[in-house]
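Q: I'd like a close look at one part of this fold, with the rest brought in where it helps. Keep it casual, but give me the cut-offs.

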Amino acid sequence: MLSPDELERYARHIVLREVGGPGQAALKRARVLVIGAGGLGAPALLYLAAAGVGVLGVIDDDTVALSNLQRQVIHDTPGIGASKVASAAAAIARLNPHVAVESHATRLVAANALDLVGRYDIVADGSDNFATRYLVSDACYFSKKPLVTAAVGMFDGTLTTLRAHERGGDGTPNPTYRCLFPEPPPPGTVPACAEAGILGALTGVLGSMMALEVIREIVGFGEGLTGRLVMLDARSMRFETLRYAWDPSNPLTGENPTIPDLSMHRGQ
């Protein structure tokens with residue numbers, strides 16, 4: 001049940017035919033794990049909290065730095081030096097007291113990934129490195145959880161949804177992250193944000209889109225991004241969508257899988 005305060009707070013959702021009371025109630029019941037409270041996680045967390053997601057898990061082992069504030073809008077100047085999960089939890093509490101926050105001030109690793117992912121209904125990955133993205137996607141597959149994952153470069157970004165534990169309407173397995181990106185780029189070929197720079201508002205766009213896709217997955221309206229990769233070029237403000245499919249040779253769910261668990265991620 002939604003309280004009178006919640007009915008007023010979410011009124012603009014409730015009048016939407018595609019959301020309504022049942023959709024808002026589904027959001028209230030939902031448990032969402034957000035990987036990273038940085039450039040992508042910050043706007044995603046704010047919009048998921050504003051939307052009324054019942055429980056938000058936040059995992060990040062970093063602290064707030066002054067250089068974060070150009071894009072990580074959930075944090076503020078007085079919070080410099082605080083843990084990002086504590087800063088994010090405080091901001092969410094100010095925005096929407098109906099949302100419970102579960103803070104995980106740690107790094108996602110092979111030893112804790114299945115336990116953490118298994119506690120939630122859906123995962124939103126805003127991590128900033130390929131090792132974590134592969135770990136999250138594999139953990140979501142083994143835990144049978146949907147994953148919304150986004151990434152940004154200097155002036156570009158991507159977004160997709162993975163439901164690799166399920167099959168499509170034709171019986172073919174849904175694609176995995178490894179179907180889309182079979183191998184990570186060689187070390188050193190993709191410069192880190194601190195080296196190459198990043199447009200702050202770009203992370204806001206992709207993080208908000210990530211939140212939108214999580215909300216869509218929970219409520220169930222429209223067409224999801226399973227098997228579709230949205231690409232944004234901020235230089236020309238151009239969106240393109242690439243379709244991708246299950247790769248029978250992928251090592252996770254292919255015809256001859258070679259990844260039975262998360263042991264390959266240990267030590268990363």
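Start with Lys84: is Lys84 buried or exposed, which residue does Lys84 form a salt bridge with, and what covers the buried residues of H5?

A: Lys84 is buried, with a relative accessible area of just 4%. The scale here is under 20% for buried, over 50% for exposed, and partly exposed in between, using a 1.4 Å probe and protein chains only. A word on ground rules: this is a predicted model, so local features need pLDDT of at least 70 and side-chain atom pairs count only at pLDDT 80 or more, while totals for chains, interfaces and linings use all residues. Residues are numbered from 1 along each chain as its sequence is written, and side-chain values use heavy atoms, with hydrogens and water left out.

Buried as Lys84 is, it has a charged partner: Asp62 forms a salt bridge with Lys84, and their closest N and O atoms are 3.5 Å apart. (A salt bridge needs a side-chain nitrogen of Lys or Arg within 4 Å of a carboxyl oxygen of Asp or Glu.) The pair ties together distant parts of the chain, as Asp62 sits in the loop between E2 and H5, 22 residues away from Lys84 in helix H5. Asp62, for its part, is partly exposed at 36% relative accessible area.

Now the helix itself. H5 covers residues 84–95, which makes 12 residues, and it spans 16 Å from its first C-alpha to its last, close to the 16 Å expected at 1.5 Å a residue. That expected span is 1.5 Å times one less than the number of residues. Helices (H or I, at least four residues) and strands (E, at least two) are DSSP runs, numbered from the N terminus. Along with Lys84, the buried residues of H5 are Val85, Ser87, Ala88, Ala89, Ala91 and Ile92. In general, an α-helix has 3.6 residues a turn, so residues three or four places apart point the same way. What covers those buried H5 residues includes helix H4 (41–51), strand E2 (55–59) and strand E3 (100–104).

Next, the cores. A nonpolar core here is a set of buried Ala, Val, Leu, Ile, Met, Phe, Trp, Tyr and Cys residues joined through side-chain atoms within 4.5 Å. The largest one has 41 residues, and Val32, Leu45, Leu48, Leu56 and Ile218 touch the most other members. Helix H10 (residues 200–219) puts in the largest share, nine residues. A second, separate core has 23 residues, among them Val55, Ile59, Val123 and Tyr244. Back in the largest core, Ile218 is in contact (heavy atoms within 4.5 Å) with Ala26, Leu27, Ala30, Val32, Val53 and Ile122, not counting neighbours within four places in sequence.

Another buried spot worth a look is Ala150, in strand E5, at 2% relative accessibility. Beyond neighbours within four places in sequence, Ala150 is in contact with Leu40, Asp125, Arg133, Thr158, Leu159 and Met210. Ala150 and Leu232 are 82 residues apart in sequence, yet 11 Å apart in space, C-alpha to C-alpha.

Back to charges, then. The Asp62–Lys84 pair belongs to a structure that holds 12 salt bridges. For a local one, take Arg9 and Asp5, whose closest N and O atoms are 3.9 Å apart. Both sit in helix H1 (residues 4–9), and because they are four residues apart, about one helical turn separates them. Arg9 is partly exposed at 35%, and so is Asp5, at 40%. Then there's Arg163 with Glu166, where the closest N and O atoms are 2.8 Å apart. Shared partners join Arg163, Glu166, Glu213, Arg216 and Glu217 into one network of salt bridges. Arg163 is partly exposed at 21%, and Glu166 is partly exposed at 30%.

Last, a couple of loops with backbone quirks. Lys144, in the loop between helix H7 (130–143) and E5, has phi near 60°, a positive value in a residue other than glycine. Unlike buried Lys84, Lys144 is exposed, at 56% relative accessible area. Met237 also isn't a glycine but has a positive phi of about 50°; its place is the loop between strand E7 (228–233) and strand E8 (238–243). At 57% relative accessibility, Met237 counts as exposed.
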